[in-house]
Structure formats: C-alpha cells, structure tokens
Amino acid sequence: MYIIRQLVVVEAKYLSKFYNSCKEIFANSHMPSHDHTHHLRVWEYCRQLLIHANRHGHSFSNDFVEALLAAALFHDIGLSRITDERHGPEGAELFKQYLADNPDIRLSLTDDIIEAIRIHDLKSPSLLNEAFDLASILTISDNLDAFGYIGAYRYAEIYLIRGMDASEVAPRSLENIEKRFNGFKLHYAQLPEFYEEQKQRYLQACSVFNDKPVMAEMMESILQLSLKKQMNILEIAETYGKKSNHSFWQLLREEII
C-alpha cells in the first residue's frame, strides 16, 4: 500500500524531531491531558485515518502527509501558555515562531498547517470543509483522543484545571463528546471499519461518565495526584491500579502511549 511507504518516509524525516520539540515545549507546563503524549496519539489517529481512506480510494501527497504530521504534533502547544478552550490561535502563533527558530524545517503547506492549528478547537462539524482536508483530519483525529478510557480521563483533568465543579464534569463531558462523535460520524462513516472501531471507543468513554463510583475515584485522583503532586497519567493509573477494585485503571494504562 503506497500510503504506508509515504508514512514511513515522512516519519523518518520529522516524527522524532517534532515529538521531541513538542515534549520540550510542555516541559515547564503541567498539562498531562494535552502534553506530548496526547500529540503522539493524535498523530496515530491521523495515520490510521489516512490508511483507511487510502483503502477506499483516497490518495495524499507527501507534502500533505508532512503537513498533517506537523499539525498533529503541534496543534495543542497553545495550552503550554494558556488553558482556555480557545487555544488554537495561541498555538498557531507559537508554531510560526517555532518555524522561524528552525529554518532547517521546510514544509510546503505551512499556511495550511497554521490555519489547521488555529481552528482545530472549533468543534462544530459545520465548520469543517470536507472529510479529507488538513483541518478536518486534524480536528477529527484530535476528537478521537477524547474517546476511550484515556478520553474520559482527559476530559476530567482539563475541566478540573479550568475550574469546573466536579459535579458538572460528567454531564458536560457527555454533552461535549456527543458533539465530537456526531462530527466524526458525519465525515467518516464512509470508512466503515475505522468508524466502527472509534464508535466502540466513544461508547467506552460514555460508560465511564455514567459510572458514578469510577468518576468519583477519577476526580479524587486528578485533584490529589495530578493537580497537587503533578503526577502524569501513567503514574496515576499505576498508583490507583494497585489499590482500586475498578478495572478502569488497567484499561486506562493499556491505552497510554
């Protein structure tokens, strides 16, 4: 499959460099739900989406794949500076500065990358142009990391960081994740295998939000270990996995890259 060869070439060229740069950007910010590991997972969803799209007749240029990799690995860097829901514009400015500081990086679709980063946090499906443009693939792939057990945890953490009352986290998360799933369905139900995989992950996250004992334990873990002790998600999953009766922690640990 030609797309696999493209991915291998592009990743060999830029993945390590972009990942390490993203990690460095978040080095002084405690944002485990959106740090370099989140960015790497988003790239993996982009990667999967491209492979499934290619199976259904869609092709992508090397320039496009390079641009998507850059967008995925830098889309949330605005959160290293601010915690606002609208952090895309901040991230776009930081990415411009990153390119200015690294003139050896030559990307053909720079303007498209900057725009994709700028608008990725506008989650309304109607704002996406078409299924397979850069901004749409980035936004949807970012949304996919809100699914699964990791997605449930990430929702809880970012909402608590933004000062939301713990009692509001579950209902607000369910409302938000439904919008994300509907956007994914609107654009990518045409990729049936990929769609079904991600639908199951969406349902997993919903099951966590509807499980009050698990939600209570997760709130406690974030407040005590993440916000106070600045532990990362893997450390927290391992800590609670040793003392909790809930399978959530082991399932969460398995999803973490």
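In this predicted model, the helices α1, which spans residues 2–25, and α4, which spans residues 88–101, each supply at least two residues of the lining of the largest pocket. Of the elements that contribute, α4 gives the most to this lining, with four residues. The pocket that these helices help to line has a volume of about 270 Å³.

To find the pocket in the structure, look for the residues that line it, among them Ser-21, Glu-24 and Ile-25, together with Ile-77, Ser-80 and Arg-81. The lining also includes Leu-94, Gln-97, Tyr-98, Asp-101 and Asn-102. When the residues of this lining are sorted by chemical character, they divide into four nonpolar, four polar and three charged.

The cysteines are a separate matter, and a search of the whole structure finds zero disulfides. Why is Cys-22 not in a bond with the closest cysteine sulfur? The closest cysteine sulfur to that of Cys-22 belongs to Cys-46 and is 13 Å away, which is too far for a bond, because a disulfide needs the two sulfur atoms within 2.5 Å. Seen from the other side, Cys-46 is in no disulfide either, and its nearest cysteine sulfur is that of Cys-22, 13 Å away.

Are these two cysteines buried or exposed? Cys-22 has a relative accessibility of 0%, and because a residue under 20% counts as buried, Cys-22 is placed in that class. Cys-46 is likewise buried, with a relative accessible area of 0%.

Technical notes:
Residues numbered from 1 in each chain as written. Predicted model: local features only at pLDDT ≥ 70, side-chain atom pairs only at ≥ 80, totals over all residues. Heavy atoms only, no water. Buried < 20%, exposed > 50% of the residue type's maximum accessible area, 1.4 Å probe, protein only. 1 Å grid on protein atoms, 1.4 Å probe; cavity = no way out; pocket = protein on both sides within 12 Å on 5 of 7 lines; lining within 4 Å. Points joined across faces, edges and corners; volume = space filled by probe spheres on them. Nonpolar A, V, L, I, M, F, W, Y, C, P; charged D, E, K, R; others polar.
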